[in-house]
Amino acid sequence: MSGTVDEWKVARRRKGAARKSKLVQVSSGSTCCQEEKINIDKTVKRIREIVSEIRCEEVLKDWREQLSVVRSEVLLRPENKDSEEPTVLLETSRDVRSGQRLECVCYGLGTFSSSVSARYQLAMLLLLLESEQIPLKDCSVYDPAFSHGEKDVLRELGLTVLTENEEGKHLTTKPTLFYLMHCGKALYNNLLWKNWSKEHLPLITIIGNSFSGMMDRTIEREFKRDYGYITQAVSVCEERQLPCPSRLTDVFSDTAVITFPNSGLVRLPQSTWMVPPEPQYQHCPDLEIIQKDAQS
Ligand SMILES: C[S@@+](CC[C@H](N)C(=O)[O-])C[C@H]1O[C@@H](n2cnc3c(N)ncnc32)[C@H](O)[C@@H]1O
């Protein structure tokens, strides 16, 4: 489980001058580097073995319980009770009340053919899809570091592999679970920007790094300058820390389930909702995500 940091460094290096010797394991479908052939059946089997292992662990029970609490709280929100509400909110309310299934988007899983952490995160994702009754095909996955073989494995598991780098800018029109394990701050910030309205944010549930933890670990001035949407969201979102067993610290540390109840969003100044500017990150010397233009 120690591969995470190294692989992340390698994945980021691909933005600029790639070090070929290290890239063999993480080459993406859009670059021309050598690609390690992976045995699809064997990799699927390895993932399924971890699914069976985690299925028996307390951590799964705890995560499922927390998600179920979140779901029931969403149902109890005033905006999801019968009332005269704007059209989009009404749609949301009906969806939630009628128990409409969530969709799921997973970014930044990592190269699970070589990373133990990413394999465990993938197995946990499959188990959460099962408990939330999200059909596998309704879960879209994307990481620019996926190899062709890894994409085949994901398809074999039944998931939908996105072909485009959205940079996290995914507009949510239905209640959606975002699974972003140990991802770059810009992915979260872009996701918030794309959904920056009182209608769309309540549709989002994120399983990912705690926003307050991110803030604590970053110089305040830079965090506010570069990640304005996370900065604003941190005081109005609801974060529930998800437990992490010590033997899986590298895999599930600092993970929270984050939601955006309307009762919090109304506390933000009205001006914030007017034509929110797209994040640019021009002052960000070490952007932690791979952008579209860096791939071509
Ligand atoms: C720190 S690694 C985390 C990997 C894995 N989840 C883990 O915890 O070991 C961040 C991941 O985000 C991915 N990433 C970077 N830019 C991305 C983008 N635009 N969309 C989706 N994933 C991206 C990287 O390729 C990398 O696999």
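**Group meeting: a walk through the predicted model**

Okay, let's start with one residue: Ser68 is exposed, because just 12 other C-beta atoms sit within 10 Å, and 12 or fewer counts as exposed. Keep in mind that this is a predicted model. Where does Ser68 sit? Ser68 belongs to helix α4, residues 58–76. Now look across to Glu132: Ser68 and Glu132 are 64 residues apart in sequence, yet C-alpha to C-alpha they are 8.5 Å apart in space.

Let me zoom out for a second. The chain has 296 residues, and 35% of them count as buried. In secondary structure, we have 14 helices and seven strands. As for contacts with a separation of 6 or more, 72% come from residues 24 or more positions apart.

Now the sheet. What is the strand order? Reading across, you get β3-β2-β1-β4-β5-β7-β6, an open sheet of seven strands with mixed pairing. The edges are β3 (160–161) and β6 (238–241); each has a single partner strand, so one side of each has no neighbour in the sheet. As a reminder, strands of a sheet pair through backbone hydrogen bonds, either parallel or antiparallel.

Let's go to β1, residues 103–107. Four of the five residues in β1 are buried, so the strand is mostly covered. On one hand, β1 runs parallel to β4 (residues 176–180), and five bridges join the two. On the other, β1 pairs with β2 (residues 139–142), also in the parallel sense, over four bridges. Cys106 is a handy residue to click on here: its bridge partner in β4 is Tyr179, and in β2 the bridge partner of Cys106 is Val141. How do you get from β1 to β2? Through helix α6, residues 116–131: β1, α6 and β2 make a right-handed β-α-β unit.

Next up, β4 and β5. These two pair in the parallel sense over five bridges. If you want a register marker, Phe178 has Ile206 as its bridge partner in β5. There's a right-handed β-α-β unit here as well, made of β4, helix α8 (residues 185–194) and β5.

So is β5 enclosed or open? Strand β5 covers residues 204–209, and six of its six residues are buried, so the strand is largely enclosed by the rest of the structure.

From here the pairing direction changes. β5 and β7 (residues 255–259) pair in the antiparallel sense over five bridges, and Thr205 stands opposite Thr259 in β7. Then β6 and β7 pair in the antiparallel sense too, over four bridges. Hang on to Thr259 in β7, since Glu238 also stands opposite that residue.

Last thing, a helix pair. Helix α3 (residues 40–55) packs with helix α7 (residues 148–157) at an angle of about 60 degrees, and their axes are 9 Å apart. That angle makes α3 oblique to α7. The crossing of α3 and α7 is right-handed. Which residues make the contact? From α3 we have Ile40, Thr43, Val44 and Ile47, and from α7 the contact takes in Gly149, Asp152, Val153, Glu156 and Leu157.

To wrap up, the picture to take away is an open sheet of seven strands with mixed pairing, with β5 largely enclosed by the rest of the structure, and Ser68 exposed over on α4. That's all from me.

Notes. Residues numbered from 1 in each chain as written. Predicted model: local features only at pLDDT ≥ 70, side-chain atom pairs only at ≥ 80, totals over all residues. Buried ≥ 20, exposed ≤ 12 C-beta atoms within 10 Å, placed from the backbone. Pairing = 2+ DSSP bridges. Right-handed = clockwise from strand over helix to strand, strands pointing away. Axes fitted to C-alpha atoms, helices over the stretch in contact; angles between N-to-C directions. Parallel < 35°, antiparallel > 145°, perpendicular 65-115°, else oblique. Left-handed = near helix turned anticlockwise from the far one by under 90°. Contact = placed C-beta atoms within 7 Å.
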